[in-house]
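Grab a coffee and open the model in your viewer. Here are some exercises to work through, each with a solution you can follow step by step.

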Amino acid sequence: MSTVGKALSLLDSLSQLNHEAGLTDIARLCDLDKATARRLLVELEKHGFVEQDLDTRRYRIGSAPVRLARIREARYPFLRVAIPFVRELAEKSEETVHLAEFSGSTLSTIHVEDSPRAHRVIVEIGTRLPFHATASGLAYLAFSDKKYIESALSQPLDAFTEHTVTDPAAVRKMIDETVARGFSISSQGLEVGVVSTGAPILSPAGQPIGSITIAAPLARARAATLANFGAAVVDTAKRISEKYYGPERPSGTKMQTKRTG
């Protein structure tokens, strides 16, 4: 991995922590020797990407990523456009709804509207969503081209629960089912007791840029309920796409027409 790659990987790892971390912990987390980790942290600190507490000597994310995020959102207001739709869907479904965006090679949660119910699914902003183990990921893959699907499934598929599907052939079947039904369903793939339904958010060319998902406790996930949630996420994803890109309906919105090599 290049020096730039190592620095970005370190920054990404630091962003996943909910607390400040010392040099030794960061080096261990990133599988780096302490000298390399220190050198990368010094460079990242120079440019504002990390900050070091002068008292504890621990590191945290700096202000530069926030500045860049604000610039991007000002120019490409995906979050601002989508949030009202996410909020509306959460109010109608009375379940947790989360919005994900694809960046680099990762699908991550960028906004969450919590369910008002006491028994609800908790989703953290910044959560990485494995393609094979989440409704968000399955929905994204179902609209991706064949080469990308094969590339994603050629990677090791981790088991997060005893219900996680890790056999590539079985995941392909789930993708085919997503295509046939029009929305994805993941039952306890990432977390025990959680069932989710998702749909991709598409560009005008029909390429997925993210997804929107309803996550509900297994106890409330009856077949009829999932069908209703599926129709709702498909409709909401379409409306977000139209609002973000303009009145012209994104092409390729029928999953059956998108699965080409």
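**Exercise 1. Work out how strand 6 sits in the structure and which strands pair with strand 6.**

Step 1. Start with burial, where buried means under 20% relative accessible area, exposed over 50%, and partly exposed in between, with a 1.4 Å probe and protein chains only. Nine of the nine residues of strand 6 are buried, so strand 6 is largely enclosed by the rest of the structure. Before going on, note that this is a predicted model, in which local features need pLDDT of at least 70 and side-chain atom pairs count only at pLDDT 80 or more, while totals for chains, interfaces and linings use all residues. Residues are numbered from 1 along each chain as its sequence is written, and side-chain values use heavy atoms, with hydrogens and water left out.

Step 2. Now look for partners. Helices (H or I, at least four residues) and strands (E, at least two) are DSSP runs numbered from the N terminus, and two strands pair if DSSP finds at least two bridges between them. Strand 5 and strand 6 pair in the antiparallel sense over four bridges; isoleucine 185 has threonine 197 in strand 6 as its bridge partner. Strand 6 is also joined to strand 7 by nine bridges, again antiparallel. Two spots to click on are proline 200, opposite serine 211 in strand 7, and valine 194, opposite proline 217 in strand 7.

Step 3. Check the turns. The hairpin of strand 5 and strand 6 has six residues between the strands, and glutamine 188 takes a positive phi near 60° there. In the hairpin of strand 6 and strand 7, with five residues between the strands, glycine 206 has a positive phi near 85°.

**Exercise 2. Put the strands of the open sheet in order and find what packs on the sheet.**

Step 1. The open sheet has five strands in the order 4-3-7-6-5, with antiparallel pairing. Strand 4 and strand 5 (184-187) are at the edges, each with a single partner strand, so one side of each has no neighbour in the sheet. From one strand to the next, the twist averages 25°.

Step 2. Fill in the other pairs. Strand 3 and strand 4 pair antiparallel over seven bridges, and valine 97 stands opposite glutamate 113 in strand 4.

Step 3. Add the helix. Helix 5 (residues 78-93) packs on the sheet and touches strand 3, strand 4, strand 6 (194-202) and strand 7 (208-217), where contact means heavy atoms within 4.5 Å. The direction of helix 5 makes about 150° with that of strand 3; axes are lines fitted to C-alpha atoms, for helices over the stretch in contact, and angles run from 0 to 180 degrees between N-to-C directions.

Step 4. Finish with strand 7. Strand 3 and strand 7 pair antiparallel over six bridges, with glycine 210 in strand 7 as the bridge partner of glutamate 101. Ten of the ten residues of strand 7 are buried, so strand 7 is largely enclosed by the rest of the structure.

**Exercise 3. Is helix 6 enclosed or open?**

Step 1. Count the residues: eight of the eight in helix 6 (residues 135-142) are buried, so the helix is largely enclosed by the rest of the structure.

Step 2. Name some of them: Leu138, Tyr140 and Leu141 are among the buried residues.

**Exercise 4. Which residues other than glycine have a positive phi in the loops?**

Step 1. Recall the background: most residues other than glycine have a negative phi.

Step 2. Arginine 57 has a positive phi of about 65°. Arginine 57 is in the loop between strand 1 (50-52) and strand 2 (59-61), and at 46% relative accessibility counts as partly exposed.

Step 3. Glutamate 94 has a positive phi of about 60°. Glutamate 94 lies in the loop between helix 5 and strand 3 and, at 37% relative accessibility, is partly exposed too.

**Exercise 5. Describe the surroundings of serine 13.**

Step 1. Serine 13 lies in helix 1 and counts as buried at 18% relative accessibility.

Step 2. Leaving out residues up to four places away in sequence, serine 13 touches Leu29 and Cys30. Serine 13 and cysteine 30 are 17 residues apart in sequence and 7.0 Å apart in space, C-alpha to C-alpha.
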